[in-house]
Amino acid sequence: MVASKLLDYAQPSLQGTLRIPGDKSVSHRSVMFGAIAKGITTVEGFLQSDDCLSTIDCFKKLGVEISVDGESVRITSDGIDAWNEPSEILYTGNSGTTTRLMLGILAGSSISSVLIGDESIQKRPMKRVTDPLKEMGAKLIGRANAQLTPITVEGAPLKAIQYEMPVASAQVKSAILLAALGAEGETIITEKETSRDHTEKMLQHFGANISVDDKTISLLGGQALKGTHVVVPGDISSAAFFLVAGAIVPHSKLILQNVGLNPTRTGIIDVLHEMGATITIELDSNKSHEEMGTVQVETSNLVGTEIGGDLIPRLIDEIPIIALLATQAKGKTIIRDAEELKVKETNRIDAVVNELKKLGANIIATNDGMVIEGPTALHGGDLHTYGDHRIGMMAAIASLITSSPVTIDNEACIAVSYPNFFDQLSTVVK
Ligand code: S3P
């Protein structure tokens, strides 16, 4: 049974300090790299969310020894050649990252496996990954010529490719890089726009030699990874909900600690600055192999802005909450070049526009984004999450400024990326 939730906050202000939980992208990769590497990998700050637990579950089915103790994870592996052929189907849940990166990892292994995900994953495009992998020699069998899951992977020897990415996608880039690690020759990938670079950074952290020259990435196959210690920074995509809440809820001031500040992910901070938000950043040095720090935000007078081009991959997951932000800004906000939103956990252009309209927002969908005119006083309503965690959290933050209560149809989906979202929210609502 999917449980709905009533969100009834009577004109709150937000005050306090939150430690942002681990980054979803980095948590997935810490387990994947730990399983590929030889030796012991210890992870600190791991995000125990539904998506990341799907990744752990897949590797356990492959025989990798993984123990989880809160935010600490320990992975013991003898490398990819020591994995077992799984007797069960590998279930990737709602996780695009698990599904696409596992395809890249398993393609060059010496085992057969079957990957399947939930209803949303079964609709999401896999051709963007399976095409380049097939070019490398991968044997993939699935619906519509392996464009859709379930997909069977018959591990096979792979050859390096030179690949120009048709879409800005870190999942595609990462799947190719993970396949390239065991392939014969040097793989060269060129991006049109830089997508998040957690895979490149983690490859280096696990001892691989990888060269990154602007938008071109080169990786020589046949390199072995060595187990190591990983500190996962907090997820800026989770922090984004509180960054926006702090800026739009009257009389608020929030301090967010442990925020990952990898420059390929900080588009939300650029947008907040551009829109006039009062926001300050203090970097923590040398805590992780990725940048992190503390971000403070206060209630702000906001103005509309234009968001497009190479900023989009740097904030793709934040667009639902940025749309809510824009409803409280003076003037027009235009979001363009964001067609990718249509193939996320749900069609996020339609979902955001439909749901914010229900609250009285002045918002229209365009072919590649949306246009929002503000500021608008929002009222309550019954909102649909489409089973999408980020739509659920956008609705919850919206309810902090609505004149009457909001209900969401599915509270549980939020655990995909932020299981303690409501607990943390309740500590700062005054
Ligand atoms: C992710 C990459 C992004 C992002 C997703 C996580 C990753 O997708 O939307 O939530 O971990 O690599 P793209 O593959 O479209 O960049």
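Entry 1. I looked up what lies around the ligand in this predicted model. I found that Lys24, Ser25, Arg29, Thr97, Ser169, Ala170, Gln171, Arg196, Ile316, Asp317 and Lys344 surround the ligand.

Entry 2. I sorted the residues of this shell by type. Five are charged, four are polar and two are nonpolar.

Entry 3. I checked polar contacts, taking pairs of N or O atoms within 3.5 Å. The side chain of Ser169 has an N or O atom 2.6 Å from an oxygen atom of the ligand. For Ala170 I noted a polar backbone atom, with an oxygen atom of the ligand 2.8 Å away. Gln171 also takes part through its backbone, where an N or O atom lies 2.9 Å from an oxygen atom of the ligand.

Entry 4. I then looked at how much of the ligand is covered. On its own, the ligand has 380 Å² of accessible area, and the protein covers 94% of this.

Entry 5. I asked myself which pocket the ligand takes up. The space it fills is the largest pocket.

Entry 6. I went through the elements that give two or more residues to the shell, and they are helix H1 (24-36) and helix H7 (170-180). H1 gives three residues, the largest share of the shell.

Entry 7. Last, I wanted to know where the ligand lies with respect to domain 1 and domain 2. Domain 1 covers 5-22 + 233-428, and domain 2 covers 24-231. Both give residues to the shell around the ligand, so I wrote down that the ligand lies between them.

Key. Residues numbered from 1 in each chain as written. Predicted model: local features only at pLDDT ≥ 70, side-chain atom pairs only at ≥ 80, totals over all residues. Heavy atoms only, no water. Near = heavy atom within 4 Å. Polar contact = N/O pair within 3.5 Å; in protein donor to acceptor, adjacent residues only side chain to side chain. Areas by Shrake-Rupley, 256 points an atom, 1.4 Å probe, with all protein chains shown as cover. 1 Å grid on protein atoms, 1.4 Å probe; cavity = no way out; pocket = protein on both sides within 12 Å on 5 of 7 lines; lining within 4 Å. Sits in = over half its atoms within 2 Å of the grid points. Helix = DSSP H or I, 4+ residues; strand = E, 2+ residues; numbered from the N terminus. Nonpolar A, V, L, I, M, F, W, Y, C, P; charged D, E, K, R; others polar. Domains from an automatic or database assignment.
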